[in-house]
Amino acid sequence: MENFELEDAVKEVMDGILPKKSRKIYEAQYDTFVKWCCQRKLENVNEDVLLVFFAEKSKTLSSSTLWAHYSMLKTMLNVKRNIDVSKFYKLSAFLKRKSEGYKPKKAKVLTSDQIDKFLLEAPDKDFLMIKVALIFGVADACRGKELHQLTISDVTDMDHALIVNVRNTKNNVDLNFIINNSNKNGIDLIEECRKYMALRKPETTHSRFFVRYEKSQCTVKAIGKNTFGKIPQKVAEYLNLPNSTLYTGHCFRRTSASLLADSGASIDKSASVAEGYIENSINTKKIVADSIFGLGVGNSTESASAHQVSGSAVSASSASSTSSKNNIVQNTIDGANRLLNIVNCSNVNIHVNINTNNKDL
């Protein structure tokens, strides 16, 4: 292989290191640094140069933003110039010092009672779309972008529940969640969603699920991505909550995690293993829905119902998310009942071996 071919191949591989969804942001940050260096006629990049660069930035940027810029620039300098910024210990010490005493602003959280109050009292003629966005957003800690990208084919009405597929997530894993009538106050969550779905105009040419809603009618125009970031604030304003502007687009994710934690369920959804295996279990999703919307883990009707086994193994993580301290999960395999007693377990892997020669199976 010629040298120029090798260089092109290496460049292609290194470019693949950059995250696809935020590639432009990384490149913009690198361009900013390059321009800064050019203005000061700095040709070589070393730790002292980066120290001055971030010292200037620290005058106007918060600690969290500095760390974000540091992370992007570290990656870009490694890709573009083969410079390992992680070994610049004075720079990392400087950024850590800037983080001392910093308290990041977090989106405020809606309580279960506040959600119920809004769903029960807010008039449908003005707030039906917002109600559905609230239900969807809290049901699976959805991001605004994920709600924006939902299509009508992603939502399946199964009579007893709605199954919603979320595609192209931040972690590049397709997920799904379920909406059922698990609210402790008897709110018909499914019917709220169906009312909105039934108002969709036949002449709508796009497939986006969420369309604008005005004067008790849906329009053909899809809702913009930025609109979803303002929905939590609209909910807070209706409820007359203080500091309504702090109910930002991240509110739904924090609310979902808080409600799930309050129910006693496991909320570890960060691991790719959990996303790939647990999230696609519909029965587990029913339990999660019960936990979030008010029944709680211990009172969930699904906790006593069947956990269908798909394949030859079951992840104990899903079991731990459906059980309290002591719980019996019943597995149904082609009509045969199998009881699995789970007591005080933590980080346990359970493997189910299926004997295909057994006539009971």
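**Exercise 1. The β4–β5 pairing**

In what sense do β4 and strand β5 (residues 217–222) pair, and over how many bridges?

Solution. The model is predicted, and the steps below read it as such.
- Step 1: β4 and β5 run antiparallel to each other, and 3 bridges hold the pairing.
- Step 2: One position in the pairing is glutamate 214, which stands opposite glutamine 217 in β5.
- Step 3: The two strands make a hairpin with 2 residues between them. In its turn, lysine 215 has a positive phi of about 55 degrees.
- Step 4: Serine 216 also lies in the loop between β4 and β5. Its phi is near 65 degrees, again a positive value in a residue other than glycine.
- Step 5: Serine 216 is partly exposed, with a relative accessible area of 29%.

**Exercise 2. Confidence along the chain**

State the mean pLDDT of the protein chain and locate stretches where the pLDDT is below 50.

Solution.
- Step 1: The chain has a mean pLDDT of 77, and 68% of its residues reach 70 or more.
- Step 2: Residues 267–280 have a pLDDT below 50; this stretch makes 25 contacts in the model beyond near neighbours in sequence.
- Step 3: Residues 296–344 also have a pLDDT below 50, with 96 contacts in the model beyond near neighbours in sequence.

**Exercise 3. The two sides of helix α2**

Describe the length of helix α2 (residues 23–39), then assign its buried and exposed residues to faces.

Solution.
- Step 1: α2 has 17 residues and spans 25 Å from its first C-alpha to its last, close to the 24 Å expected at 1.5 Å a residue.
- Step 2: The buried residues of α2 are Tyr26, Gln29, Tyr30, Phe33, Trp36 and Cys37.
- Step 3: Viewed down the axis of α2, these buried residues fall within an arc of 115 degrees, so they line one face of the helix.
- Step 4: The general background is that an α-helix has 3.6 residues a turn, so residues three or four places apart point the same way.
- Step 5: Exposed residues Lys24, Lys35, Cys38 and Gln39 sit on the face of α2 turned away from the buried side.
- Step 6: The cover over the buried residues of α2 includes α3 (47–57) and α4 (63–81).
- Step 7: Just after α2, lysine 41 takes a positive phi of about 55 degrees.

**Exercise 4. Tryptophan 36**

Characterise the surroundings of tryptophan 36 in helix α2.

Solution.
- Step 1: The relative accessible area of tryptophan 36 is 9%; the cut-off for buried is under 20%, so tryptophan 36 counts as buried.
- Step 2: Leaving aside neighbours within four places in sequence, tryptophan 36 is in contact with Leu42, Val49, Val52, Phe53 and Glu56.
- Step 3: For one of these, phenylalanine 53, the C-alpha atom is separated from that of tryptophan 36 by 8.0 Å, at 17 residues apart along the chain.

**Exercise 5. Two aromatic pairs**

Classify the ring pair of phenylalanine 118 and tyrosine 238, then that of phenylalanine 136 and phenylalanine 209.

Solution.
- Step 1: The model contains 17 aromatic pairs.
- Step 2: For phenylalanine 118 and tyrosine 238, the ring centres are 5.6 Å apart and the planes stand at 85 degrees, so the pair is edge-to-face.
- Step 3: Phenylalanine 118 belongs to helix α6 (residues 112–121) and tyrosine 238 to helix α11 (residues 231–238), so the pair ties together parts that are 120 residues apart in sequence.
- Step 4: Phenylalanine 118 is buried, with a relative accessible area of 0%, whereas tyrosine 238 is partly exposed, at 27%.
- Step 5: The rings of phenylalanine 136 and phenylalanine 209 have centres 5.3 Å apart and planes at 20 degrees, so this pair is stacked.
- Step 6: Phenylalanine 136 is in helix α7 (residues 124–139) and phenylalanine 209 is in the loop between α9 (189–198) and β4 (211–214), 73 residues apart. Both phenylalanines are buried.
- Step 7: One aromatic cluster is formed by Phe136, Phe177, Tyr196, Phe209, Phe210, Tyr213 and Phe228.

**Exercise 6. Strand β2 and its partners**

Which strands pair with β2, and is β2 enclosed or open?

Solution.
- Step 1: Strand β1 (residues 155–157) is joined to β2 by 3 bridges, in the antiparallel sense. Valine 155 has valine 164 in β2 as its bridge partner.
- Step 2: The hairpin of β1 and β2 has 4 residues between the strands, and there aspartate 159 takes a positive phi near 70 degrees.
- Step 3: β2 also pairs with strand β3 (residues 175–179), antiparallel, over 5 bridges. Asparagine 165 has asparagine 176 in β3 as its bridge partner.
- Step 4: In β2 (residues 162–166), 4 of the 5 residues are buried, so the strand is largely enclosed by the rest of the structure.

Definitions and conventions: Residues numbered from 1 in each chain as written. Predicted model: local features only at pLDDT ≥ 70, side-chain atom pairs only at ≥ 80, totals over all residues. Heavy atoms only, no water. pLDDT = per-residue confidence, 0-100. Contact = heavy atoms within 4.5 Å. Expected span 1.5 Å × (residues − 1). Buried < 20%, exposed > 50% of the residue type's maximum accessible area, 1.4 Å probe, protein only. Arc of directions from axis to C-beta. Phe/Tyr/Trp six-rings, centres within 6.5 Å; stacked < 30°, edge-to-face > 60°. Pairing = 2+ DSSP bridges.
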